[in-house]
Amino acid sequence: MLKKTLLALAFTGLAFAAVAQQTGIKRTPLQKVEFPDGYNTITAIAEIPAGGSAGRHTHPGIETGYVLEGELNLLIDGQPEKTLKAGDSYQIPAGVVHDAKAHGDKAMKVLGVYVVDKTKPLASPAP
């Protein structure tokens with residue numbers, strides 16, 4: 001019985017950590033198109049409050065975006081950190097771990113386009 005309780009607590013803790021990592025970002029889907037075959041193309045607004053971050057995560061497909069407001073530090077594994085401001089654009093390859101952090105004392109907002117495997121969630125937390 002003790003083993004089952006400890007195992008349940010461990011899984012609960014892992015699930016909570018995965019959700020908590022993604023709480024700094026708000027995604028508002030604007031549209032979803034089932035294209036190309038096997039994929040969804042999703043257009044969304046992503047917002048991070050001042051001092052917040054998206055948390056390290058991946059997407060099961062490519063992400064491309066355009067910064068609408070504020071500034072952000074974009075951290076993509078294997079690449080140098082980039083500071084982006086309103087008017088800048090970016091691309092993130094499929095499955096690559098990344099994070100976005102609001103830079104300065106303002107919130108940031110981006111228009112993101114995700115072309116992702118339709119059988120998987122839009123984003124998954126990464127260690």
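Where does Gly 87 lie? Keep that one in mind while you look at the model, which is a predicted one. Gly 87 is in the loop between strand S6, residues 82-85, and S7. I'll come back to this glycine at the end, after a walk through the sheet, the core and the cavity.

Let's start with the sheet. Five strands make it up, and reading across, the order is S1-S2-S9-S4-S7. The sheet is open, and the pairing is antiparallel. On the edges sit strand S1 (26-33) and strand S7 (89-92), each of which pairs on one side only. From one strand to the next, the twist averages 20°.

Now let's go along that order, pair by pair. S1 and S2 are antiparallel partners, with seven bridges between them. If you want a landmark there, find Arg 27, which stands opposite Ala 46 in S2. These two strands form a hairpin with five residues between them. In the turn, have a look at Gly 38, because its phi is positive, at about 85°.

Next, S2 meets S9. Those two run antiparallel and are joined by 10 bridges. Here Asn 40 stands opposite Val 116 in S9. S2 is also worth a second look for burial: eight of its 10 residues are buried, so this strand is largely enclosed by the rest of the structure.

Over at the other edge, strand S4, residues 61-69, pairs with S7 in the antiparallel sense over four bridges. Gly 65 has Tyr 90 in S7 as its bridge partner. S7 itself has two faces: Tyr 90 and Ile 92 are on the covered one, while Ser 89 and Gln 91 are on the uncovered one.

On to the packing. How many residues does the largest nonpolar core have? There are 19, and those with the most contacts inside the core are Ile 48, Leu 72, Leu 74 and Val 110. Strand S2 (39-48), strand S5 (71-76), S7, strand S8 (98-103) and strand S9 (108-117) each supply at least two of the core residues.

Let me zoom in on Leu 72. Leaving aside neighbours within four places in sequence, its contacts include Val 67, Leu 84, Ala 100, Met 108 and Val 110. Polar residues are on that list too, among them Lys 82, Thr 83, Lys 101 and His 103.

Then there's the empty space. A search of the whole structure turns up one cavity of 30 Å³ or more. The largest cavity holds about 130 Å³ of space. Which of its 17 lining residues are the closest to its centre? They are Ile 25, Glu 63, Tyr 90, Ala 100 and Val 110. The elements giving two or more residues to this lining are S2, S5, S7, S8 and S9. S9 has the largest share, with three residues. You may recognise some names: Val 110 came up among the core residues with the most contacts, and Tyr 90 is on the covered face of S7.

Finally, back to our glycine, as promised. Is Gly 87 buried or partly exposed? Gly 87 has a relative accessible area of 42%, and buried would need a value under 20%, so this residue counts as partly exposed. Not counting residues up to four places away in sequence, Gly 87 touches Tyr 66 and Val 67. Its C-alpha atom is separated from that of Val 110 by 9.7 Å, with the two residues 23 apart along the chain.

That's my tour, thanks for listening!

Key:
Residues numbered from 1 in each chain as written. Predicted model: local features only at pLDDT ≥ 70, side-chain atom pairs only at ≥ 80, totals over all residues. Heavy atoms only, no water. Pairing = 2+ DSSP bridges. Axes fitted to C-alpha atoms, helices over the stretch in contact; angles between N-to-C directions. Core = buried A, V, L, I, M, F, W, Y, C linked by side-chain atoms within 4.5 Å. Buried < 20%, exposed > 50% of the residue type's maximum accessible area, 1.4 Å probe, protein only. Contact = heavy atoms within 4.5 Å. 1 Å grid on protein atoms, 1.4 Å probe; cavity = no way out; pocket = protein on both sides within 12 Å on 5 of 7 lines; lining within 4 Å. Points joined across faces, edges and corners; volume = space filled by probe spheres on them.
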